[in-house]
Amino acid sequence: MIQDRELDALVDKHVMGDDFRPHEDHLIRHYSTDIAAAWEVVEKIDDGRRPYQVFQMRRVGASWGATFDPTWAEFECAETAARAICLAALASCGVSCVFE
């Protein structure tokens, strides 16, 4: 599974639009573990410029499911809400996270 800080760096680059530099890891928000930071990701994606992307979240068994697809045709699941938000945001930007 992709590690939290790797996921944070992907979100920072592909969703938030920041130019990540490895030596500046301490500057990247903890999007995948901090729900307040994850909510900034939701606001970035769901900013009204893409009316077809509507954020939705719900429990899926013991996990959290999140999507920016109003039909729920594609959604991401994770053990925490913050992580699910990050995965769904990356998917909505066309970035796939590969799990081992």
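Aspartate 8 and arginine 5 form a salt bridge in this predicted model. Their closest N and O atoms are 2.9 Å apart. The two residues sit three positions apart in helix 1, so about one helical turn separates them. Their surroundings are not alike in accessibility. Aspartate 8 has 0% relative accessibility and counts as buried. Arginine 5 is partly exposed, with a relative accessible area of 23%.

The salt bridges number four in total. Another joins the side chains of arginine 83 and aspartate 4, with an N to O distance of 2.7 Å. Arginine 83 belongs to helix 3 and aspartate 4 to helix 1, which spans residues 4-14, so this pair ties together parts that lie 79 residues apart in sequence. Arginine 83 is buried, at 2% relative accessibility. Aspartate 4, at 32%, is partly exposed. The arginine 83 pair also belongs to a network: salt bridges link Asp4, Glu79 and Arg83.

Arginine 29 and glutamate 40 form a further salt bridge, and here the closest N and O atoms are 2.6 Å apart. Arginine 29 is found in the loop between helix 1 and helix 2 (35-45), while glutamate 40 is in helix 2 itself, so the pair ties together parts 11 residues apart in sequence. Both ends are partly exposed. The relative accessibility is 33% for arginine 29 and 31% for glutamate 40.

These contacts are set within a chain of three helices and three strands. Read from the N terminus, the order of elements is α-α-β-β-β-α. The chain has 100 residues, of which 36% count as buried. Among contacts with a separation of 6 or more, 42% are between residues 24 or more positions apart.

Helix 1 and helix 3 also meet directly. Their axes come within 10 Å and cross at roughly 45 degrees. That angle makes helix 1 oblique to helix 3. The crossing is left-handed. On the helix 1 side, the residues involved are Asp4, Leu7, Leu10, Val11 and His14. They meet Arg83, Cys86, Leu87 and Leu90 of helix 3. Asp4 and Arg83, partners in a salt bridge, thus appear again among the residues where the two helices meet.

The three strands form an open sheet in the order 1-2-3, with antiparallel pairing. Strand 1 (56-60) and strand 3 (76-78) are at the edges, and each has a single partner strand, so one side of each is left without a neighbour in the sheet. From one strand to the next, the twist averages 25 degrees. Strands of a sheet pair through backbone hydrogen bonds, in either a parallel or an antiparallel sense.

Strand 1 and strand 2 pair over five bridges, in the antiparallel sense. Glutamine 56 has threonine 67 in strand 2 as its bridge partner. The two strands form a hairpin with two residues between them. In the turn, glycine 61 has a positive phi of about 65 degrees. Strand 2 (residues 63-67) also pairs with strand 3, again in the antiparallel sense, over three bridges. In this pairing, glycine 65 stands opposite cysteine 77 of strand 3.

Helix 3 (residues 81-92) lies across strand 1, strand 2 and strand 3. Relative to strand 3, the helix runs at about 155 degrees. Helix 3 therefore has contacts on two fronts: with the three strands and with helix 1, through residues including Cys86, Leu87 and Leu90. The buried arginine 83 is also part of helix 3, and its salt bridge with aspartate 4 leads back to helix 1.

Methods: Residues numbered from 1 in each chain as written. Predicted model: local features only at pLDDT ≥ 70, side-chain atom pairs only at ≥ 80, totals over all residues. Heavy atoms only, no water. Pairing = 2+ DSSP bridges. Helix = DSSP H or I, 4+ residues; strand = E, 2+ residues; numbered from the N terminus. Axes fitted to C-alpha atoms, helices over the stretch in contact; angles between N-to-C directions. Contact = heavy atoms within 4.5 Å. Buried < 20%, exposed > 50% of the residue type's maximum accessible area, 1.4 Å probe, protein only. Parallel < 35°, antiparallel > 145°, perpendicular 65-115°, else oblique. Left-handed = near helix turned anticlockwise from the far one by under 90°.
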